Amino acid sequence: MVIKAKELADKHGFFWPNQFENEANAWIHEETTGPEIIRAFHQQQPLDHLVCAYGTGGTMLGVGKYIRQKSPSTKIHVCEPSNAPMLYSDIPTVYPQEGDGPSTSFAVPHPVWRPHLLQGWATDFIPKLVNEAKVKHTFDNLLHVGGNDAIKTAKDLAVREGILTGTSGGGVLSAAIKLVEDNDFPDGTSILAILADTGERYLSTPLFEDIPIDMTEEEKELAASTPSCPPPPPGLPEVFPFATKWVQNEIDSHKVVIFSLEYCEFCWTLTGFLDALGVPYHKIDIDSFEYAKDDLGNKYRSA
(Lines give C-alpha, C1' and ligand atoms only; values in the text may rest on other atoms or scores of the structure.)
Protein backbone atom coordinates (compact mmCIF):
# COMPACT_ATOMS: atom_id res chain seq x y z
CA MET A 1 0.00 0.00 0.00
CA VAL A 2 2.91 2.35 0.68
CA ILE A 3 4.23 1.74 -2.83
CA LYS A 4 0.79 2.26 -4.40
CA ALA A 5 0.18 5.46 -2.46
CA LYS A 6 3.55 6.84 -3.62
CA GLU A 7 2.78 5.89 -7.23
CA LEU A 8 -0.54 7.73 -7.10
CA ALA A 9 1.03 10.76 -5.45
CA ASP A 10 3.78 10.95 -8.07
CA LYS A 11 1.41 10.54 -11.02
CA HIS A 12 -1.42 12.82 -9.91
CA GLY A 13 0.32 15.31 -7.64
CA PHE A 14 -1.51 14.12 -4.53
CA PHE A 15 -0.22 15.12 -1.11
CA TRP A 16 2.15 12.45 0.15
CA PRO A 17 2.57 12.61 3.96
CA ASN A 18 5.21 9.86 3.96
CA GLN A 19 4.24 9.15 7.54
CA PHE A 20 6.68 6.26 7.99
CA GLU A 21 9.62 8.61 7.42
CA ASN A 22 8.36 12.13 8.04
CA GLU A 23 10.02 13.62 11.14
CA ALA A 24 6.98 15.87 11.62
CA ASN A 25 5.05 12.74 12.59
CA ALA A 26 7.25 12.24 15.65
CA TRP A 27 7.71 15.97 16.28
CA ILE A 28 4.02 16.64 16.87
CA HIS A 29 3.88 13.87 19.49
CA GLU A 30 6.98 15.29 21.14
CA GLU A 31 5.28 18.70 21.21
CA THR A 32 1.79 17.59 22.28
CA THR A 33 1.26 13.99 23.39
CA GLY A 34 4.41 13.78 25.49
CA PRO A 35 3.73 16.99 27.47
CA GLU A 36 0.09 15.96 27.95
CA ILE A 37 1.18 12.68 29.53
CA ILE A 38 3.68 14.33 31.86
CA ARG A 39 1.15 16.98 32.95
CA ALA A 40 -1.50 14.36 33.64
CA PHE A 41 0.70 12.15 35.78
CA HIS A 42 3.16 14.45 37.50
CA GLN A 43 0.40 16.42 39.22
CA GLN A 44 -0.10 13.31 41.35
CA GLN A 45 3.03 11.18 41.05
CA PRO A 46 5.68 10.40 38.44
CA LEU A 47 4.85 7.97 35.65
CA ASP A 48 6.58 4.67 36.31
CA HIS A 49 5.78 2.72 33.13
CA LEU A 50 4.49 3.60 29.66
CA VAL A 51 3.20 0.86 27.32
CA CYS A 52 2.60 1.59 23.64
CA ALA A 53 2.83 -0.07 20.24
CA TYR A 54 4.34 1.04 16.97
CA GLY A 55 2.73 1.61 13.59
CA THR A 56 4.47 4.44 11.78
CA GLY A 57 6.63 5.04 14.86
CA GLY A 58 5.52 8.63 15.34
CA THR A 59 4.05 8.20 18.81
CA MET A 60 6.80 5.83 19.92
CA LEU A 61 9.62 8.17 18.88
CA GLY A 62 8.08 11.52 19.74
CA VAL A 63 6.65 10.57 23.13
CA GLY A 64 9.75 8.53 23.94
CA LYS A 65 12.10 11.46 23.29
CA TYR A 66 10.05 13.82 25.44
CA ILE A 67 9.66 11.42 28.36
CA ARG A 68 13.35 10.58 28.28
CA GLN A 69 14.05 14.29 28.85
CA LYS A 70 11.32 15.10 31.38
CA SER A 71 10.87 11.81 33.23
CA PRO A 72 14.04 9.71 32.78
CA SER A 73 12.95 7.22 35.46
CA THR A 74 9.92 6.17 33.39
CA LYS A 75 10.32 2.77 31.79
CA ILE A 76 8.98 2.68 28.22
CA HIS A 77 7.72 -0.65 26.87
CA VAL A 78 6.98 -1.14 23.18
CA CYS A 79 4.64 -3.86 21.90
CA GLU A 80 4.83 -5.85 18.70
CA PRO A 81 2.95 -8.93 17.43
CA SER A 82 4.27 -12.19 18.82
CA ASN A 83 4.22 -13.76 15.34
CA ALA A 84 5.96 -10.79 13.69
CA PRO A 85 8.70 -9.79 16.17
CA MET A 86 10.73 -7.62 13.85
CA LEU A 87 12.46 -5.46 16.48
CA TYR A 88 13.15 -8.51 18.61
CA SER A 89 14.85 -10.22 15.65
CA ASP A 90 17.51 -7.49 15.39
CA ILE A 91 17.30 -7.89 11.60
CA PRO A 92 17.31 -4.38 10.12
CA THR A 93 15.22 -3.05 7.28
CA VAL A 94 17.25 -1.73 4.34
CA TYR A 95 16.17 1.75 3.22
CA PRO A 96 16.85 2.48 -0.47
CA GLN A 97 17.80 5.91 -1.71
CA GLU A 98 15.30 7.88 -3.77
CA GLY A 99 15.16 6.35 -7.25
CA ASP A 100 16.69 3.01 -6.25
CA GLY A 101 13.32 1.28 -5.93
CA PRO A 102 9.58 1.84 -5.79
CA SER A 103 9.80 3.06 -2.17
CA THR A 104 12.33 4.63 0.15
CA SER A 105 10.52 3.04 3.12
CA PHE A 106 11.94 -0.44 2.54
CA ALA A 107 13.82 -2.50 -0.03
CA VAL A 108 12.12 -5.84 0.67
CA PRO A 109 9.60 -6.99 3.29
CA HIS A 110 11.07 -7.96 6.63
CA PRO A 111 11.93 -11.69 6.75
CA VAL A 112 10.24 -12.39 10.11
CA TRP A 113 7.03 -10.48 9.38
CA ARG A 114 3.89 -12.57 9.13
CA PRO A 115 0.21 -11.58 8.79
CA HIS A 116 -1.20 -10.72 12.22
CA LEU A 117 -4.47 -9.54 13.76
CA LEU A 118 -3.15 -6.29 15.19
CA GLN A 119 -4.16 -3.88 12.43
CA GLY A 120 -2.24 -0.63 12.69
CA TRP A 121 0.79 -2.30 14.23
CA ALA A 122 3.91 -3.54 12.55
CA THR A 123 3.61 -3.27 8.81
CA ASP A 124 5.90 -5.61 6.86
CA PHE A 125 9.00 -3.47 7.39
CA ILE A 126 10.56 -1.52 10.24
CA PRO A 127 9.75 2.14 9.57
CA LYS A 128 12.58 4.65 9.68
CA LEU A 129 10.98 6.42 12.66
CA VAL A 130 10.83 3.13 14.56
CA ASN A 131 14.45 2.39 13.69
CA GLU A 132 15.43 5.87 14.91
CA ALA A 133 13.66 5.20 18.20
CA LYS A 134 15.63 1.99 18.56
CA VAL A 135 18.97 3.62 17.70
CA LYS A 136 18.33 6.51 20.12
CA HIS A 137 17.19 4.13 22.88
CA THR A 138 13.87 5.88 23.41
CA PHE A 139 12.37 2.68 24.82
CA ASP A 140 13.57 0.16 27.38
CA ASN A 141 11.80 -3.08 26.69
CA LEU A 142 9.89 -5.09 24.08
CA LEU A 143 6.61 -6.83 24.84
CA HIS A 144 4.93 -9.36 22.56
CA VAL A 145 1.21 -9.95 22.13
CA GLY A 146 -0.83 -12.54 20.24
CA GLY A 147 -3.88 -11.58 18.23
CA ASN A 148 -6.28 -13.75 20.23
CA ASP A 149 -5.18 -12.20 23.53
CA ALA A 150 -5.57 -8.73 22.03
CA ILE A 151 -9.12 -9.46 20.85
CA LYS A 152 -10.11 -10.96 24.22
CA THR A 153 -8.77 -7.96 26.11
CA ALA A 154 -10.53 -5.51 23.79
CA LYS A 155 -13.83 -7.34 24.38
CA ASP A 156 -13.28 -7.47 28.13
CA LEU A 157 -12.56 -3.75 28.18
CA ALA A 158 -15.82 -3.05 26.36
CA VAL A 159 -17.90 -5.28 28.63
CA ARG A 160 -16.35 -4.31 31.96
CA GLU A 161 -15.43 -0.66 31.47
CA GLY A 162 -17.57 0.48 28.53
CA ILE A 163 -14.46 1.48 26.56
CA LEU A 164 -14.61 0.56 22.86
CA THR A 165 -11.11 0.12 21.50
CA GLY A 166 -9.77 -1.85 18.58
CA THR A 167 -7.61 -4.95 18.48
CA SER A 168 -4.47 -2.83 18.63
CA GLY A 169 -5.70 -1.10 21.78
CA GLY A 170 -6.59 -4.48 23.24
CA GLY A 171 -3.08 -5.63 22.42
CA VAL A 172 -1.44 -2.77 24.31
CA LEU A 173 -3.67 -3.27 27.34
CA SER A 174 -3.09 -7.02 27.24
CA ALA A 175 0.66 -6.41 27.27
CA ALA A 176 0.34 -3.94 30.14
CA ILE A 177 -1.68 -6.42 32.20
CA LYS A 178 0.88 -9.17 31.56
CA LEU A 179 3.65 -6.75 32.50
CA VAL A 180 2.01 -6.32 35.91
CA GLU A 181 1.40 -10.06 36.30
CA ASP A 182 5.02 -10.90 35.51
CA ASN A 183 6.55 -8.33 37.87
CA ASP A 184 6.29 -7.64 41.57
CA PHE A 185 5.62 -3.92 41.28
CA PRO A 186 5.04 -2.08 44.58
CA ASP A 187 1.60 -0.74 45.44
CA GLY A 188 0.93 2.62 43.81
CA THR A 189 3.01 1.94 40.70
CA SER A 190 1.66 4.09 37.84
CA ILE A 191 1.30 2.53 34.40
CA LEU A 192 -0.03 4.19 31.26
CA ALA A 193 -1.22 2.07 28.31
CA ILE A 194 -1.88 4.05 25.14
CA LEU A 195 -4.97 2.81 23.27
CA ALA A 196 -4.51 4.53 19.94
CA ASP A 197 -7.80 3.84 18.21
CA THR A 198 -11.50 3.08 18.58
CA GLY A 199 -13.28 -0.20 17.98
CA GLU A 200 -15.60 1.16 15.31
CA ARG A 201 -12.82 0.76 12.76
CA TYR A 202 -12.83 -3.00 13.28
CA LEU A 203 -16.43 -3.92 12.46
CA SER A 204 -15.38 -6.17 9.56
CA THR A 205 -12.56 -7.90 11.48
CA PRO A 206 -12.46 -10.94 13.80
CA LEU A 207 -12.98 -8.59 16.76
CA PHE A 208 -16.71 -8.59 15.93
CA GLU A 209 -17.08 -12.04 14.36
CA ASP A 210 -19.15 -13.46 17.23
CA ILE A 211 -21.70 -10.65 17.07
CA PRO A 212 -24.48 -11.80 14.69
CA ILE A 213 -26.07 -9.53 12.11
CA ASP A 214 -29.61 -10.49 13.14
CA MET A 215 -31.15 -10.42 16.59
CA THR A 216 -30.40 -13.44 18.76
CA GLU A 217 -33.18 -15.46 20.37
CA GLU A 218 -32.33 -13.83 23.68
CA GLU A 219 -32.67 -10.37 22.14
CA LYS A 220 -35.95 -11.30 20.48
CA GLU A 221 -37.30 -12.58 23.78
CA LEU A 222 -36.27 -9.38 25.50
CA ALA A 223 -37.91 -7.26 22.81
CA ALA A 224 -41.13 -9.29 23.09
CA SER A 225 -41.28 -8.80 26.85
CA THR A 226 -42.99 -5.40 26.47
CA PRO A 227 -45.91 -4.36 24.21
CA SER A 228 -43.77 -2.39 21.70
CA CYS A 229 -46.36 0.35 21.48
CA PRO A 230 -45.89 2.41 18.31
CA PRO A 231 -45.18 6.11 18.76
CA PRO A 232 -48.10 8.45 18.16
CA PRO A 233 -48.32 9.89 14.64
CA PRO A 234 -46.97 13.39 14.14
CA GLY A 235 -49.56 16.08 14.47
CA LEU A 236 -50.53 17.74 11.19
CA PRO A 237 -52.29 21.07 10.71
CA GLU A 238 -55.76 21.40 9.27
CA VAL A 239 -56.23 21.29 5.51
CA PHE A 240 -56.04 24.74 3.98
CA PRO A 241 -57.57 25.52 0.56
CA PHE A 242 -54.36 27.11 -0.73
CA ALA A 243 -52.42 23.95 0.12
CA THR A 244 -54.97 21.72 -1.60
CA LYS A 245 -54.81 23.93 -4.68
CA TRP A 246 -50.99 23.83 -4.73
CA VAL A 247 -50.88 20.03 -4.42
CA GLN A 248 -53.47 19.57 -7.15
CA ASN A 249 -51.59 21.93 -9.43
CA GLU A 250 -48.37 19.90 -8.98
CA ILE A 251 -50.23 16.67 -9.77
CA ASP A 252 -51.86 18.18 -12.86
CA SER A 253 -48.55 19.58 -14.11
CA HIS A 254 -46.58 16.30 -14.15
CA LYS A 255 -47.29 12.76 -15.32
CA VAL A 256 -45.51 11.34 -12.26
CA VAL A 257 -45.04 13.38 -9.12
CA ILE A 258 -43.53 12.12 -5.86
CA PHE A 259 -44.12 13.91 -2.60
CA SER A 260 -41.20 12.65 -0.55
CA LEU A 261 -39.09 13.19 2.54
CA GLU A 262 -35.61 14.37 1.66
CA TYR A 263 -33.62 11.73 3.56
CA CYS A 264 -36.14 8.89 3.70
CA GLU A 265 -34.67 5.54 2.61
CA PHE A 266 -38.08 4.33 1.39
CA CYS A 267 -38.32 7.37 -0.85
CA TRP A 268 -34.82 6.72 -2.15
CA THR A 269 -35.85 3.16 -2.96
CA LEU A 270 -38.81 4.37 -4.99
CA THR A 271 -36.86 7.00 -6.92
CA GLY A 272 -34.05 4.50 -7.51
CA PHE A 273 -36.56 2.03 -8.92
CA LEU A 274 -38.02 4.65 -11.26
CA ASP A 275 -34.52 5.71 -12.31
CA ALA A 276 -33.69 2.10 -13.15
CA LEU A 277 -36.83 1.84 -15.28
CA GLY A 278 -36.10 5.13 -16.97
CA VAL A 279 -39.38 6.66 -15.82
CA PRO A 280 -39.20 10.47 -15.57
CA TYR A 281 -40.74 12.00 -12.46
CA HIS A 282 -41.01 15.25 -10.55
CA LYS A 283 -39.93 14.99 -6.90
CA ILE A 284 -40.94 17.40 -4.14
CA ASP A 285 -39.18 17.04 -0.79
CA ILE A 286 -41.82 18.56 1.43
CA ASP A 287 -39.60 18.41 4.51
CA SER A 288 -36.80 20.38 2.86
CA PHE A 289 -35.80 23.81 4.12
CA GLU A 290 -37.62 25.36 1.16
CA TYR A 291 -40.94 24.52 2.86
CA ALA A 292 -39.91 25.14 6.48
CA LYS A 293 -41.28 28.65 6.91
CA ASP A 294 -44.77 28.79 8.45
CA ASP A 295 -44.89 24.99 8.57
CA LEU A 296 -45.61 24.99 4.85
CA GLY A 297 -44.36 21.45 4.28
CA ASN A 298 -46.76 19.97 6.83
CA LYS A 299 -49.62 21.99 5.39
CA TYR A 300 -48.91 20.43 2.00
CA ARG A 301 -48.71 17.04 3.69
CA SER A 302 -52.16 17.54 5.18
CA ALA A 303 -53.57 18.43 1.78
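**Stop 1: the sheet.** Start by selecting the four strands, which form an open sheet in the order β3-β2-β1-β4, with parallel pairing. Keep in mind that you're looking at a predicted model. Now pick out the two edges: β3 (141-145) and β4 (191-193) are the edge strands, and each pairs on one side only. Turn the view and look for the twist, which averages 25° from one strand to the next.

**Stop 2: strand β2.** Next, select residues 75-81, which make up β2. How much of β2 is buried? Six of its seven residues are, so the strand is largely enclosed by the rest of the structure.

Stay here and check the neighbours. With β3, strand β2 pairs in the parallel sense over five bridges. To see one partnership, click E80 and then H144: H144 is the bridge partner of E80 in β3. Now select residues 49-53, strand β1, which also pairs with β2 in the parallel sense over five bridges. Here, click V51 and look across to H77 of β2, which stands opposite.

**Stop 3: two crossing helices.** Hide the strands for a moment and select helix α2 (residues 23-42) together with helix α3 (residues 58-70). Their axes come within 7 Å and cross at roughly 50°. Why call the pair oblique? Angles under 35 degrees count as roughly parallel and 65 to 115 as roughly perpendicular, so a crossing of roughly 50° makes α2 oblique to α3. The crossing is right-handed.

Now show side chains where the helices touch. On the α2 side, the contact residues include E23, H29, T33, P35 and I38. On the α3 side, look for L61, V63, Y66 and K70, among others. Colour the contact by class and you'll get eight nonpolar, eight polar and four charged residues.

**Stop 4: S168.** For the last stop, select residues 167-182, helix α7, and find S168 in it. Is S168 buried or exposed? Its relative accessible area is 6%, and buried means under 20%, so S168 counts as buried.

What does S168 touch? Leaving out residues up to four places away in sequence, select L118, Q119, W121, D197 and Y202. Try a distance label on one of these contacts: S168 and Y202 are 34 residues apart in sequence, and their C-alpha atoms are 9.9 Å apart in space.

Note on methods
Residues are numbered from 1 along each chain as its sequence is written. This is a predicted model: local features need pLDDT of at least 70, side-chain atom pairs count only at pLDDT 80 or more; totals for chains, interfaces and linings use all residues. Side-chain values use heavy atoms; hydrogens and water are left out. Two strands pair if DSSP finds at least two bridges between them. Axes are lines fitted to C-alpha atoms, for helices over the stretch in contact, and angles run from 0 to 180 degrees between N-to-C directions. Angles under 35 degrees count as roughly parallel, over 145 as roughly antiparallel, 65 to 115 as roughly perpendicular and the rest as oblique. A crossing is left-handed if the near helix is turned anticlockwise from the far one by less than a right angle, and right-handed if clockwise. Contact means heavy atoms within 4.5 Å. Ala, Val, Leu, Ile, Met, Phe, Trp, Tyr, Cys and Pro count as nonpolar, Asp, Glu, Lys and Arg as charged, and the others, Gly among them, as polar. Buried means under 20% relative accessible area, exposed over 50%, partly exposed in between (1.4 Å probe, protein chains only).
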